[in-house]
Amino acid sequence: MTEHEVVVYVSNNCAHCKKVIAKLKEWNVDFKEKNVSENKNHFKELQQQKIYGTPATFIDGNKVLGFQQGKLRRLLGIYNDFSFNS
């Protein structure tokens with residue numbers, strides 16, 4: 001798999017955030033995690049993008065809001081995962 005720049009904005013006690021992180025780990029994708037609950041600068045970064053909720057994932061500059069497994073797979077070029085549970 002080619003390398004992608006992946007940044008995931010998460011918050012504490014966020015079930016969908018945990019799903020995104022779990023999938024990225026399952027797919028062996030390197031990513032940077034930014035917790036907006038623990039670092040207000042990360043929340044300000046999201047606000048500058050007009051985003052006010054988590055999870056917010058950026059893959060090579062493309063944003064994915066919430067847990068959208070199909071869109072994550074498509075942007076990462078993962079086509080060998082036949083689990084279509086969103």
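Trainee: What makes the contact of glutamate 45 and lysine 34 a salt bridge?

Mentor: In this predicted model, their side chains meet at 2.8 Å, N to O. The limit is 4 Å between a side-chain nitrogen of Lys or Arg and a carboxyl oxygen of Asp or Glu, so the pair qualifies.

Trainee: Which parts of the chain does the pair link?

Mentor: Distant ones: glutamate 45 belongs to helix H2 (residues 40–48) and lysine 34 to strand S2 (residues 32–35), 11 residues apart.

Trainee: Why is lysine 34 called buried?

Mentor: Lysine 34 has a relative accessible area of 11%. Buried means under 20%, so the label applies.

Trainee: And why does glutamate 45 count as partly exposed?

Mentor: The relative accessibility of glutamate 45 is 28%. Partly exposed lies between the limits of 20% and 50%, therefore glutamate 45 falls in that class.

Trainee: How many salt bridges does a search of the whole structure find?

Mentor: The search finds 2. Lysine 23 and glutamate 26 also meet through their side chains, at 3.2 Å, N to O. That value is within 4 Å, so this pair is a salt bridge as well.

Trainee: Where do lysine 23 and glutamate 26 lie?

Mentor: Both are in helix H1 (residues 15–26), 3 residues apart, which is about one turn of the helix.

Trainee: Is lysine 23 buried or exposed?

Mentor: Buried, because its relative accessibility of 13% is under 20%. Glutamate 26, at 47%, is partly exposed, because exposed requires over 50%.

Trainee: How do you know that strands S1 and S3 pair?

Mentor: S1 (residues 6–10) and S3 share 4 bridges in the antiparallel sense. Pairing takes at least two bridges, so they pair. Tyrosine 9 stands opposite alanine 56 in S3.

Trainee: What does S3 have with S4?

Mentor: S3 and S4 (residues 62–65) are also antiparallel, over 4 bridges. Among the partners, phenylalanine 58 is matched with lysine 63 in S4. The hairpin of S3 and S4 has 2 residues between the strands, and aspartate 60 takes a positive phi near 50° there.

Trainee: What makes both faces of S3 covered?

Mentor: Side chains in a regular strand alternate between the two faces of the sheet. In S3 (residues 56–59), Ala56 and Phe58 are on one side, Thr57 and Ile59 on the other, and all are buried.

Trainee: How do these elements follow one another along the sequence?

Mentor: The protein has 3 helices and 4 strands, in the pattern β-α-β-α-β-β-α. Of its 86 residues, 40% count as buried.

Notes: Residues numbered from 1 in each chain as written. Predicted model: local features only at pLDDT ≥ 70, side-chain atom pairs only at ≥ 80, totals over all residues. Heavy atoms only, no water. Buried < 20%, exposed > 50% of the residue type's maximum accessible area, 1.4 Å probe, protein only.
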